[in-house]
Amino acid sequence: MKKICLLTTGIISLFLVVGSTNAFAGLSGIIAQGEFSVYKKGTLADKMSGITPVTEETLLVCESNCLIKTKGISLIVQDGTEMAVEKGPDQFNLMVTNGLVDFSLTNQAGKVAFYTADGQYTVGDAMFNASTESSVRGYMQITDDGRAKIGIHEGRMVFSTSVGPQTIDSQ
């Protein structure tokens with residue numbers, strides 16, 4: 001497994017090995033908008049267009065700028081991005097294998113687990129100041145050389161890392 005660095009802080013993340021996109025099964029309450037190619041077990045299974053629920057055990061490839069929404073979470077997916085999502089009971093799972101996903105989290109989002117093709121990258125928990133912040137905005141990107149980057153545009157998050165919790169503020 002290749003090591004990936006949380007580039008926005010220079011801290012090595014906590015790594016856990018996960019299986020495959022089967023870890024993203026049981027998708028309910030997640031809606032996609034835009035045009036996606038849907039892959040199951042490495043094979044093109046379907047094309048989605050318009051507004052549609054996200055199906056289980058799929059890798060989604062955005063074919064234009066796309067949007068994915070669920071309670072407390074909005075994802076803006078860049079053209080060509082390969083990703084999978086799952087809404088679990090305790091956290092939202094986002095796997096990006098290639099490309100860029102911008103996210104916006106409200107206080108209803110809970111924890112977000114970020115995955116790469118190699119496994120769990122880190123878990124983030126948004127922090128809200130009720131008087132000034134209504135959302136946390138950031139991004140997850142897999143660069144052309146395969147490195148993962150997570151950044152915060154607005155607000156702050158606490159990430160699990162190999163050296164303990166690390167708070168990342170917008171810059």
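Me: Before we look at hairpins, what makes two strands count as a pair here?
Reply: Happy to start there. Strands are DSSP runs of E covering at least two residues. Two such strands pair if DSSP finds, between them, at least two bridges.

Me: With that settled, how many residues lie between β10 and β11 in their hairpin?
Reply: Keep in mind that this is a predicted model. β10 and β11 pair in the antiparallel sense, and 6 bridges hold that pairing. The two strands form a hairpin, and the number of residues between them is 2.

Me: Which way does β9 run relative to β10, parallel or antiparallel?
Reply: Strand β9 covers residues 91-105 and is joined to β10 by 5 bridges. One residue of β9 to look for is Phe92, whose bridge partner in β10 is Val112. The direction of β9 and β10 is parallel.

Me: Which residue in β11 stands opposite Val112?
Reply: Val112 is already the bridge partner of Phe92. β10 also pairs with β11, in the antiparallel sense. On that β11 side, the residue opposite Val112 is Gly124.

Me: How many of the 6 residues of strand β10 are buried?
Reply: A residue is called buried when its relative accessible area is under 20%. Strand β10, residues 111-116, is mostly covered by that test. The number of buried residues in β10 is 5.

Me: Is Ile51 buried or exposed?
Reply: Ile51 is found in strand β4, residues 43-53. Its relative accessible area is 62%, and the cut-off for exposed is over 50%. Ile51 is therefore exposed.

Me: What separates the C-alpha atoms of Ile51 and Gln33?
Reply: Leaving aside residues up to four places away in sequence, Ile51 touches Ile31, Ala32 and Gln33. Ile51 and Gln33 are 18 residues apart along the chain. Their C-alpha atoms are separated by 4.4 Å.

Me: Which residue forms a salt bridge with Glu63?
Reply: In general, side chains of opposite charge can pair when their charged atoms come close. The closest N and O atoms of the Glu63 pair are 2.8 Å apart, and the cut-off is within 4 Å. The partner of Glu63 is Lys47.

Me: Where does Lys47 lie, given that the pair links distant parts of the chain?
Reply: Glu63 is in the loop between β5 (59-62) and β6 (66-70). Glu63 counts as partly exposed, at 32% relative accessibility. Lys47 is 16 residues apart from Glu63, in strand β4.

Me: Why does the salt bridge of Arg137 and Glu154 tie together separate parts of the sequence, and how many residues apart are they?
Reply: Their side chains meet at 3.7 Å, N to O. Arg137 lies in strand β12 and Glu154 in strand β13, so the pair ties together parts whose separation in sequence is 17 residues.

Me: What is the relative accessible area of Arg147?
Reply: The side chain of Arg147 meets that of Asp145 in a salt bridge, at 3.1 Å from N to O. Arg147 is partly exposed, and its relative accessible area is 43%.

Me: Which residue has a backbone oxygen 2.5 Å from a polar atom of the Thr161 side chain?
Reply: Thr161 lies in strand β14, residues 156-161. With a relative accessible area of 7%, Thr161 is buried. The backbone oxygen at 2.5 Å belongs to Gly164.

Definitions and conventions: Residues numbered from 1 in each chain as written. Predicted model: local features only at pLDDT ≥ 70, side-chain atom pairs only at ≥ 80, totals over all residues. Heavy atoms only, no water. Helix = DSSP H or I, 4+ residues; strand = E, 2+ residues; numbered from the N terminus. Buried < 20%, exposed > 50% of the residue type's maximum accessible area, 1.4 Å probe, protein only. Contact = heavy atoms within 4.5 Å. Polar contact = N/O pair within 3.5 Å; in protein donor to acceptor, adjacent residues only side chain to side chain.
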